[in-house]
Amino acid sequence: MNTKIRYATLGFLGVTALYTGVWAYFAPKEWHASFPGFGMSWLPQLGPYNEHLAKDAGAMFLALAVLTAIASRSVRNNRLVQTTGAVWLVFNVLHLSYHMQHLGMYGTRDQVLNVVTLTALVLASAVLLVPLKPVTAEGDASCVSR
């Protein structure tokens with residue numbers, strides 16, 4: 001693992017969290033009707049609109065965005081980045097497993113996109129569990145672990 005991969009992975013997860021969190025919290029009815037966007041709608045099939053549930057989901061994603069941003073500022077801190085990865089991994093594995101059980105309500109395109117997107121989030125989360133490479137003689141000793 002190197003810091004560039006960590007930055008990219010944290011960036012991917014952070015953008016995902018902000019995209020979903022801001023939309024779900026500040027425009028919950030529109031989020032429920034139109035998520036994930038791009039002409040698709042995946043939430044109405046899962047049940048009726050519930051403002052409280054939508055705003056709670058948005059708040060959770062915004063909290064994940066904050067944690068991810070903090071980890072991005074300390075990308076060399078193995079403990080913090082690995083903790084962030086573990087938090088994301090718990091959420092993403094459970095999220096993927098739920099959706100895998102409910103794919104039948106979608107058409108083929110949306111089934112494939114659900115599986116690919118949610119699996120990518122699981123893999124990105126798992127990548128953060130890998131510690132930074134040990135430093136070499138010419139490297140910066142501060143990057144091992146804090």
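Helices here are DSSP runs of H or I with at least four residues, numbered from the N terminus. The views below all come from a predicted model.

**View 1. A nonpolar patch on the surface, with Val22 as one of its members.** Let's start on the outside, where Leu18, Val22, Tyr25 and Phe26 come together as a nonpolar surface patch. Taken together, these four side-chain neighbours offer about 380 Å² of accessible area. Val22 belongs to helix H1, which covers residues 3-26. With a relative accessible area of 40%, Val22 is partly exposed, because that class lies between the 20% limit for buried and the 50% limit for exposed.

**View 2. The largest pocket and the residues around its centre.** Now to the largest pocket, whose volume is about 930 Å³. Its lining counts 35 residues, and Trp31, Phe35, Leu43, His95 and His99 are the ones nearest the centre.

**View 3. The helices that build the pocket lining.** At least two lining residues of the largest pocket come from each of H1, H2 (28-34), H3 (51-73), H4 (78-100) and H5 (108-127). H4 gives the largest share, with six residues. By character, the lining of this pocket splits into 25 nonpolar and 10 polar residues, with no charged ones.

**View 4. The salt bridge between Arg109 and Asp110.** A search through the whole structure turns up one salt bridge. Here the side chains of Arg109 and Asp110 meet, at 3.2 Å from N to O. Asp110 has a relative accessibility of 11% and therefore counts as buried, the cut-off being under 20%.

Conventions: Residues are numbered from 1 along each chain as its sequence is written. This is a predicted model: local features need pLDDT of at least 70, side-chain atom pairs count only at pLDDT 80 or more; totals for chains, interfaces and linings use all residues. Side-chain values use heavy atoms; hydrogens and water are left out. Patches are made of residues with over 30% relative accessible area and no salt bridge: like charges are joined within 9 Å, nonpolar side chains (Val, Leu, Ile, Met, Phe, Trp, Tyr) within 5 Å. Accessible areas come from the Shrake-Rupley method with a 1.4 Å probe; for residues, only the protein chains shown count as cover. Buried means under 20% relative accessible area, exposed over 50%, partly exposed in between (1.4 Å probe, protein chains only). On a 1 Å grid over the protein atoms alone, a cavity is a set of points where a 1.4 Å probe fits but cannot get out, and a pocket is an open set with protein on both sides within 12 Å along at least five of seven lines; lining residues have an atom within 4 Å of a point. Grid points are joined across faces, edges and corners, and a volume is the space filled by probe spheres set on the points. Ala, Val, Leu, Ile, Met, Phe, Trp, Tyr, Cys and Pro count as nonpolar, Asp, Glu, Lys and Arg as charged, and the others, Gly among them, as polar.
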